[in-house]
Amino acid sequence: MIPPDLVYNIFSWLPPKQALKLKRISKLIYECLSTNHFAILNVNHFFTGHERDASFLASNRAFDEMFFLAPQSYKQQCAQHLVRVMEEEKYVSLRWNDLTLNAVCLPPAISFLSYFKSLEIRKTGLTGPIPGEIGTLKNLEVLILQDNQINGCIPNEIGDLVNLKSLNLSKNCLQGEIPHSLRRLSRLVEIILEGNQLVGSLSNFVGVGEGEICDLIMLEFMNVAENQIGGHIPQGFGQLKALTHLIANGNYIEGEIPESFSQLTSLQYAVLARNRLHGRIPHTVFHMERLEYLNLKDNQCEEGINEGLKNNRMSCFTATTPTEVIQQIFSWIPPSQNLAFQRIDSRVYACLCPSHFAKMNLSRFIPINAEPLIEIPAANIYEFDRSFFTWPASYQTALVELRYASLGGIFWAARRIEGSLPPTIGKLNSLSHLLLGDNRLTGTIPNEIGHLVKLRLLELPRNALSGAIPKGLGNLVHLTYLSLNQNRLSGELPPEIGNLIHLDTLYLGGNNFTGNIPESIGNLLKLEKLHLNSNRLTGPLPDSISNLVHLQEFLCQQNQLGGPIPTGFEGFFELETLDLSRNLFIGSIPAGLERLGRNSRLRTIVI
């Protein structure tokens, strides 16, 4: 009888495929060649010449096929040997794309490849189910089993691949539901399940409701097209904040697109064609800033805007029409109507938003002037002038370039103008007069107003402006008249107001200003009229107030000013009206103020 050790030594030098064919010579040989010990010897002997050649091991067909075709004992040894050599060479990716594995399954021995970060098996004819042992590959970042004949269900264990970033199981024969365990893959960036027979719903990814937890916070690309996925788009789908591409055409997804769909704030490309969607598309979908393409063809959706465009006809048109053609067509439509048409779909929105389109559009409608426009009297306001305060920045910029470039004065008081002062107003750098009092302006005064360095007169009274006076206002050093009274302005008076050294009129009454009157107000040596009444100013009157010797009107009643009344008023020989009432002043009336009342032009004094 031949000793087993001799059998091992002789047969281990044969190529593995040949050695395995000789297993049937006798029972002894069969038993010896079926052991793990023999597999170790055979693998080491046969590949010893290449044991440090990782590129050979990674591409050698005989070695690779042995992992798939040989008995379990060989699979384990092949995997371990491969890992050892690849680790020495610092290879972390394994690609098996050139094998012929028809009717061969992915073996459970895949668990021995836990070293690798990338496993790719494409177009090999691999069949059978994905073994649950796949979940032991904790280092795996990329798993590609694309274009094979793999069947069965996606195993729940795939949710254990905690480092997985890319999963591609497309173009196989996978069945069953998408496992809920995929929700746990917090590092997943890309998932491609296209071209299988998967069922269930999109809620398998994120749950049904908005409150359910989904860890797919990094998912950017999802392709589940050409499956049998049904159900509704779940409310919780909006949790996929990083999603840029959603491809789910050719399924059985039904119901209406939920409002939460618009919470996919990174979405750029969405294809939901050939499903069973119906109903109205939420308006919010068409305000998704990054959405460039939305395909809902062959559903029963109504877009529900612009007189009920149905069946996405406009979307189909805009999806296939060059940008330049869309812009040429829409440029002949009046601007106010164009801004409504922006909501037709995301493609139209993208075409009509750029500043060059706004300029093209406006150039077809604004009046042609032989001379540069120097001022716009109230009687000559056109509708698009009024719309300057409500239009997008692209149209505002176009108006500045086409109509307002040389504008020196705007005299639009009491013209029922609505909207807000846009930052674009800072581009009217020839402006010397801006009169917008008694309108319906809201919002804050933009800091860009400080760019209007030629401005001499600024009137914004009796609107609904709010917020603080911007520091940029201190740049308007040529300003002689500033009226911001009777708005809803708040905050402290900025010390930069002392830069307006040419100011003769300052009206800030009837707001909600707080804090102290800045000491810098004493720099306004030309000031004749100062109204600070009806605010919530506190503290004493600053000593520098005595510098304002040309004051004719000084109103600061109805505040919370306190302390003694300063003694500097005796030099105000031009003062006609003084009102310090309804404050918290203490002490006696200065003697100099009493003498001023007897000897000057002072006609009204209220303390």
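Strands are DSSP runs of E with at least two residues, numbered from the N terminus. In the predicted model described here, strands β20 (433-435) and β21 (440-442) are joined by a loop that holds asparagine 439.

Asparagine 439 has a relative accessible area of 8% and is therefore buried, the cut-off for this class being under 20%. Two polar contacts of its side chain were identified. One is made with the backbone nitrogen of isoleucine 417, at 2.9 Å. In the other, a polar atom of the asparagine 439 side chain lies 3.1 Å from the backbone oxygen of glycine 437. When neighbours within four places in sequence are left aside, the residues in contact with asparagine 439 are Trp412, Ala413, Ala414, Arg415, Arg416 and Ile417, together with Arg462 and Asn463. Isoleucine 417 thus appears both in this list and as the partner of the 2.9 Å approach through its backbone nitrogen.

Burial was also examined for helix α15, which spans residues 393-402. Seven of its ten residues are buried, so the helix is largely enclosed by the rest of the structure. The buried positions of α15 are Ser394, Tyr395, Gln396, Thr397, Ala398, Leu399 and Val400.

A nonpolar patch was found on the surface, formed by Ile589, Ile605 and Ile607 and covering about 240 Å². Of these residues, isoleucine 607 is located in the segment that follows β34 (604-606). Isoleucine 607 counts as partly exposed because its relative accessibility is 43%, a value that falls between the limits of 20% for buried and 50% for exposed residues.

Methods
Residues are numbered from 1 along each chain as its sequence is written. This is a predicted model: local features need pLDDT of at least 70, side-chain atom pairs count only at pLDDT 80 or more; totals for chains, interfaces and linings use all residues. Side-chain values use heavy atoms; hydrogens and water are left out. Patches are made of residues with over 30% relative accessible area and no salt bridge: like charges are joined within 9 Å, nonpolar side chains (Val, Leu, Ile, Met, Phe, Trp, Tyr) within 5 Å. Accessible areas come from the Shrake-Rupley method with a 1.4 Å probe; for residues, only the protein chains shown count as cover. A salt bridge is a side-chain nitrogen of Lys or Arg within 4 Å of a carboxyl oxygen of Asp or Glu. Helices (H or I, at least four residues) and strands (E, at least two) are DSSP runs, numbered from the N terminus. Buried means under 20% relative accessible area, exposed over 50%, partly exposed in between (1.4 Å probe, protein chains only). A polar contact is a pair of N or O atoms within 3.5 Å; within protein, one must be able to donate a hydrogen and the other to accept it, and residues adjacent in sequence count only if both atoms are side-chain atoms. Contact means heavy atoms within 4.5 Å.
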